[in-house]
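Got your viewer open and a selection box ready? Let's walk through this model together, one stop at a time.

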Amino acid sequence: MKSSLLDLLFFLLDKISLVSSLKLFSMPEQAQRESHSQDPSFFKRGDLLEVPRTLFVHFGIYLGNNKVAHLMPDILPAISDDECLIGKVVTNKRLILGVLAKVASIRVDTVQDFAYGGSIMVNHMDKSFKTKPLSNEEVAQRAEKLVGATSYSLLWDNCEHFVTYCRYGFPMSFQTDKVNSNVTFYFIAEYFIVTFKSIVQK
């Protein structure tokens with residue numbers, strides 16, 4: 001009886017952690033604004049753009065003239081100097097290898113290539129920051145200065161860190177904060193399950 005109760009408790013906690021992890025990358029309320037197609041006439045130079053993807057939200061800075069600066073994990077700049085090859089849209093294979101190798105580039109792509117088929121939202125995140133955002137022109141200039149090869153970390157140096165640095169002067173990622181809090185919840189739940197199992201089995 002104790003064993004089946006313990007199994008049921010473990011099962012329920014496992015499902016709770018699974019459900020909470022599915023909400024890891026949900027957008028903050030202020031980000032759930034009008035969704036726009038890839039029409040660049042809507043955007044202003046220096047706007048912070050976001051595109052919801054399957055597991056995360058991808059961010060970039062609009063530079064004008066249908067161009068977006070964004071940080072992308074990419075293995076190719078680490079193994080080749082061929083600008084023509086590197087300039088092509090980053091494939092999933094290049095992206096995954098970039099994540100594993102912790103290398104990336106801040107690159108400039110068209111709005112359409114940045115969106116990769118998704119809807120774009122303008123997300124200034126201003127309500128989430130106590131600091132006043134920089135002017136749009138300064139944001140765009142910061143992004144342009146950073147174009148090129150860079151390191152990458154899913155938790156500490158990703159596309160959201162890049163855009164928040166450009167707009168607010170310091171890097172931050174709400175997505176990774178959610179990951180860290182959910183991971184913390186998971187380890188606390190695991191600790192209580194192990195502790196509870198050892199008490200019940202005594």
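Contact here means heavy atoms within 4.5 Å. With that in hand, start with the whole chain on screen, and keep in mind that this is a predicted model. Among contacts between residues at least 6 apart in sequence, 70% join residues at least 24 apart. Colour by secondary structure next, and you can look for eight helices and seven strands in the chain. If you switch to a surface view, remember that the chain has 202 residues, of which 38% count as buried.

**Stop 1: the aromatic rings**

Select F42, F43 and Y62 and show their side chains; ring pairs link these residues into a cluster. Searching the whole structure turns up two aromatic pairs. Begin with F42 and F43, whose ring centres are 5.6 Å apart and whose planes stand at 85°, so this pair is edge-to-face. An angle over 60 degrees is what earns that label.

Are F42 and F43 buried or exposed? F42 counts as partly exposed because its relative accessibility is 41%. F43, at 6%, counts as buried, since the cut-off for buried is under 20% relative accessible area.

Now turn to F43 and Y62. Their ring centres lie 5.6 Å apart with the planes at 55°, so the pair is tilted. Follow the backbone from one ring to the other: this pair links distant parts of the chain, with F43 in the loop between strand 1 (35–36) and strand 2 (48–52) and Y62 in strand 3 (residues 57–64), 19 residues apart. Y62 has a relative accessibility of 4% and therefore counts as buried.

**Stop 2: two helices that cross**

Hide those side chains and select residues 136–145, which make up helix 6, together with residues 159–168, which make up helix 7. At what angle do the axes of helix 6 and helix 7 cross? The crossing is at roughly 135°, and the axes come within 8 Å. That angle makes helix 6 oblique to helix 7. The crossing of the two is right-handed.

To see who makes the contact, show side chains for N136, V139, R142 and A143 on helix 6, then for F162, Y165, C166 and R167 on helix 7. Colour these by class and you should find five nonpolar, one polar and two charged residues.

**Stop 3: two positive phi angles**

Next, select N66, in the loop between strand 3 and strand 4 (67–73). What is the phi of N66? It is positive, about 65°, although N66 is not a glycine. N66 counts as partly exposed because its relative accessibility is 21%.

Then move to K102, in the loop between helix 4 (92–101) and strand 5 (103–110). K102 is another residue other than glycine with a positive phi, here near 60°. At 56% relative accessibility, K102 counts as exposed.

**Stop 4: partners far along the sequence**

For the last stop, draw C-alpha to C-alpha distances for three pairs of residues.

- Select A78 in helix 2 (residues 76–79). It counts as exposed, with 51% relative accessibility, because the cut-off for exposed is over 50%. Draw the distance to A149: the two residues are 71 apart in sequence and 8.3 Å apart in space.
- Select G117 in the loop between helix 5 (111–115) and strand 6 (120–122). G117 is exposed, at 70% relative accessible area. Its partner for this step is V51, 66 residues away in sequence and 9.2 Å away in space.
- Select T54 in the loop between strand 2 and strand 3. T54 is exposed too, with a relative accessible area of 81%. Draw the distance from T54 to G118, and you get 10.0 Å for residues 64 apart in sequence.

To finish, zoom back out to the whole chain with its eight helices and seven strands. Keep the ring cluster of F42, F43 and Y62 coloured, along with the right-handed crossing of helix 6 and helix 7, and you will have landmarks for your next look around.

Terms used:
Residues are numbered from 1 along each chain as its sequence is written. This is a predicted model: local features need pLDDT of at least 70, side-chain atom pairs count only at pLDDT 80 or more; totals for chains, interfaces and linings use all residues. Side-chain values use heavy atoms; hydrogens and water are left out. Axes are lines fitted to C-alpha atoms, for helices over the stretch in contact, and angles run from 0 to 180 degrees between N-to-C directions. Helices (H or I, at least four residues) and strands (E, at least two) are DSSP runs, numbered from the N terminus. Angles under 35 degrees count as roughly parallel, over 145 as roughly antiparallel, 65 to 115 as roughly perpendicular and the rest as oblique. A crossing is left-handed if the near helix is turned anticlockwise from the far one by less than a right angle, and right-handed if clockwise. Ala, Val, Leu, Ile, Met, Phe, Trp, Tyr, Cys and Pro count as nonpolar, Asp, Glu, Lys and Arg as charged, and the others, Gly among them, as polar. Rings of Phe, Tyr and Trp (its six-membered ring) pair if their centres lie within 6.5 Å; planes under 30 degrees apart count as stacked, over 60 as edge-to-face and the rest as tilted. Buried means under 20% relative accessible area, exposed over 50%, partly exposed in between (1.4 Å probe, protein chains only).
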